[in-house]
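Biologist: Before we discuss the classification of this fold's features, please show the model. I should like each label to be justified by its criterion.

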Amino acid sequence: MPNHDQLDQAIYIHLTTTPAPAKRALAGTGQSRKRERPSAHRIATAIVKAIRKNHRIERHGVTVPESEIIDLLAEELWNVPEAIAKHLVGVDATKRDDAKQVITSALLSALTTRYECTFVRSGGAAGLGPQTQQ
């Protein structure tokens, strides 16, 4: 079974660093005070662009289009229960961290059950070419 620690960490980091207005719009605590579906797409886009820098995401050896991955993650984000989404932007750090972990796990599961995800370490030693780990 492949080790997806790097992918898990990348998703978590980029979920954490997503701008607060997008996360509040997903949670329904933003300016409109209701959940905004486009926010899921904005968050998914940021995560996918970040993880594709160091990960190959393929289906049967063929690279999956970025738009397909974004749509998948946006749908997973939209399906996050409202209570968890609210914890993501809440003031309680423990609940916020738990929410980030729950969401990260859901996104990771969605990716790894549908696609082959391979970590590609960039900038290997001179002359040795890129190193890969699955």
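Modeller: A crossing is called left-handed if the near helix is turned anticlockwise from the far one by less than a right angle, and right-handed if clockwise. By that criterion, the crossing of α1 and α6 is right-handed. Please bear in mind that this is a predicted model.

Biologist: Why are α1 and α6 called oblique to each other?

Modeller: Helix α1 (residues 5-16) and helix α6 (residues 93-114) pack at an angle of about 130°, with their axes 9 Å apart. Angles over 145 degrees count as roughly antiparallel and those from 65 to 115 as roughly perpendicular, with oblique for the rest once those under 35, roughly parallel, are also set aside. The value of about 130° fits none of the named ranges, and α1 and α6 are therefore oblique to each other.

Biologist: Which residues of α1 and α6 meet?

Modeller: On the α1 side they are L7, D8, I11, Y12, L15 and T16. Their partners in α6 are D97, K100, Q101, I103, T104, L107, L108, L111 and T112. By class, this contact of α1 with α6 comprises 8 nonpolar, 4 polar and 3 charged residues.

Biologist: K100 and D97 both appear in that list. What makes K100 and D97 a salt bridge?

Modeller: The criterion is a side-chain nitrogen of Lys or Arg within 4 Å of a carboxyl oxygen of Asp or Glu. For K100 and D97 the closest N and O atoms are 3.3 Å apart, so the pair meets the cut-off of 4 Å. K100 and D97 are 3 residues apart in helix α6, which means that about one helical turn separates them.

Biologist: How do you know whether K100 and D97 are buried or exposed?

Modeller: Buried means under 20% relative accessible area, exposed means over 50%, and partly exposed lies in between. K100, at 9% relative accessibility, therefore counts as buried. D97, at 36%, counts as partly exposed.

Biologist: What makes R56 and E58 a salt bridge, and how is each residue classed for burial?

Modeller: Their side chains meet at 3.8 Å, N to O, which is within the 4 Å required. R56 has 36% relative accessibility and so counts as partly exposed. E58 is buried because its relative accessible area is 17%, under the limit of 20%.

Biologist: What can be said of E68 and R59 on the grounds of distance and accessibility?

Modeller: The closest N and O atoms of E68 and R59 are 2.0 Å apart, and the two residues form a salt bridge. E68, at 28% relative accessibility, counts as partly exposed, and R59, at 33%, also counts as partly exposed. A search of the whole structure finds 6 salt bridges.

Biologist: Let us turn to another helix pair. Why are α2 and α3 called oblique to each other?

Modeller: The axes of helix α2 (residues 20-27) and helix α3 (residues 37-51) come within 8 Å and cross at roughly 135°. This angle is not over 145 degrees and lies outside the range of 65 to 115, and α2 and α3 are therefore oblique to each other. The crossing of α2 past α3 is left-handed. A22, K23, A25 and L26 of α2 make the contact with S39, A40, R42 and I43 of α3. Those residues divide into 5 nonpolar, 1 polar and 2 charged.

Biologist: How do you know that A22 is buried, and what does A22 contact?

Modeller: A22 lies in helix α2. Its relative accessible area is 10%, and the limit for buried is under 20%, so A22 is buried. Leaving aside neighbours within four places in sequence, A22 is in contact with S39, R42 and I43. A22 and R42 are 20 residues apart in sequence, yet their C-alpha atoms are 7.1 Å apart.

Biologist: Which other residues of α2 are buried, and what covers them?

Modeller: Besides A22, the buried residues of α2 are K23, A25, L26 and A27. Their cover includes α1, α3, α4 (66-78) and α5 (82-88). After α2 comes G28, with a positive phi near 85°.

Biologist: How many helices and strands does the protein chain contain, and in what pattern?

Modeller: There are 6 helices and 4 strands, in the pattern α-α-α-β-β-α-α-α-β-β along the sequence. Of the 134 residues of the protein chain, 37% count as buried.

Key. Residues numbered from 1 in each chain as written. Predicted model: local features only at pLDDT ≥ 70, side-chain atom pairs only at ≥ 80, totals over all residues. Heavy atoms only, no water. Axes fitted to C-alpha atoms, helices over the stretch in contact; angles between N-to-C directions. Helix = DSSP H or I, 4+ residues; strand = E, 2+ residues; numbered from the N terminus. Contact = heavy atoms within 4.5 Å. Nonpolar A, V, L, I, M, F, W, Y, C, P; charged D, E, K, R; others polar. Buried < 20%, exposed > 50% of the residue type's maximum accessible area, 1.4 Å probe, protein only.
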